[in-house]
Amino acid sequence: MTGQRSDQRAAARKLGEALRSLQQQSGRPLRSLESQVRISDSSLSRYFRGETVPTWPVVRDLCRALDADPSAYRALWEAADPHRSDEPAPSATAAVALAPAPPPRPTRWRRLREAGSLSGRGTALAVVLPFLAAALVAALLLLLPFQAKPGGEPSQGAEAEADTGGHAGVLVHNVEKKCQEPRTNSCALSLAYSPYRPYITSNSADRVWHHDLLQARCTVANGVAVTDENHKHTSIWVQVTRNGKHLWLPGIRIHPDHLNQLTAVLPTCTP
């Protein structure tokens with residue numbers, strides 16, 4: 001098992017080196033790629049270093065942005081993540097990005113029902129609860145289905161008079177563990193009037209807390225870069241609806257995996 005992990009890590013580094021070589025040959029900076037493939041520069045850096053294996057749609061879009069044939073990199077990607085080697089390369093990722101997790105196979109449920117002892121029931125609960133939690137989060141996000149309407153001109157911090165963006169659920173994410181439970185003033189995060197002004201008190205429009213569910217409309221990739229408490233940063237911002245107003249949530253206040261999904265399914269905000 002250890003040897004298999006080492007092989008996968010080596011394959012991930014090889015994929016990252018191949019993608020970084022493409023980027024270096026193109027002469028394009030990460031910020032330029034960030035705005036085209038709608039992946040933050042920090043995520044791109046992790047992919048290029050082999051620390052994280054991107055999904056196939058991300059590899060495909062990167063290759064196309066760098067004028068390379070994606071099929072030439074499919075084998076590298078499959079070697080880096082064999083568990084996802086059967087992943088298709090869809091033309092649109094909206095339905096996949098926010099789809100709920102599939103239920104466990106019936107054979108697993110039968111095995112759980114056959115566990116007659118108390119320890120067996122405890123094991124069954126340990127297996128079932130993560131599935132229930134994942135399904136609950138997916139259900140919350142799907143309460144606000146994606147309905148992209150191109151050509152919209154979302155206002156920045158004004159009353160919503162027309163619905164011209166997309167729609168998707170977004171969960172606020174606070175990286176500070178101590179602030180993931182209490183809804184205190186010190187644990188509040190700010191929504192902003194504008195993504196192009198510094199993320200400071202004078203640009204604060206409202207307060208939200210960890211795991212608040214908001215309605216997302218569109219994204220921008222070239223806002224003011226915001227750094228979180230773990231020294232991660234991104235310039236991606238998401239426009240959300242809050243109390244009838246269109247305000248802005250920094251992308252750093254969204255879990256990275258969820259942010260990648262949102263940038264894939266939501267339209268780009270029109271200034």
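**Cysteines and two unusual backbone angles**

Start with Cys63, which has a relative accessibility of 0% and so counts as buried. Keep in mind as you look around that this is a predicted model, so every value here is computed from predicted coordinates.

Now for the cysteines that do pair up. How many disulfides does a search of the whole structure find? It turns up two. Count the bonded cysteines along the chain and the pattern reads 1-2, 3-4.

Take the pair of Cys179 and Cys187. These two are joined by a disulfide, with an S to S distance of 2.2 Å. If you look along the bond, the angle about S-S is -70°, which makes this link left-handed. As for solvent, Cys179 and Cys187 are both buried.

The other disulfide is formed by Cys218 and Cys269, and here the sulfur atoms sit 2.1 Å apart. The rotation about the S-S bond is 105°, giving a right-handed link. This pair ties together distant parts of the chain, as its cysteines are 51 residues apart. To find them, go to strand β4 (residues 213–220) for Cys218, and to the segment after α9 (256–265) for Cys269. Are these two buried or exposed? Cys218 has a relative accessibility of 2%, so it counts as buried. Cys269 comes out at 8%, and because buried means under 20% relative accessible area, Cys269 is buried as well.

Leave the cysteines for a moment and turn to the backbone, where two residues are worth a click. One is Asp67, in the loop between α4 (56–65) and α5 (74–80). Its phi is near 60°, which is a positive value in a residue other than glycine. Is the Asp67 side of things buried or exposed? With 74% relative accessibility, Asp67 counts as exposed, because the cut-off for that word is over 50%.

The other is His211, and you'll find this residue in the loop between β3 (204–208) and β4. His211 also has a positive phi while not being a glycine, with a value near 75°. Its relative accessibility is 45%, so His211 counts as partly exposed. Follow the chain on from that loop into β4 and you are back at the strand that holds Cys218.

Note on methods
Residues numbered from 1 in each chain as written. Predicted model: local features only at pLDDT ≥ 70, side-chain atom pairs only at ≥ 80, totals over all residues. Heavy atoms only, no water. Disulfide = S-S within 2.5 Å. Buried < 20%, exposed > 50% of the residue type's maximum accessible area, 1.4 Å probe, protein only. Helix = DSSP H or I, 4+ residues; strand = E, 2+ residues; numbered from the N terminus.
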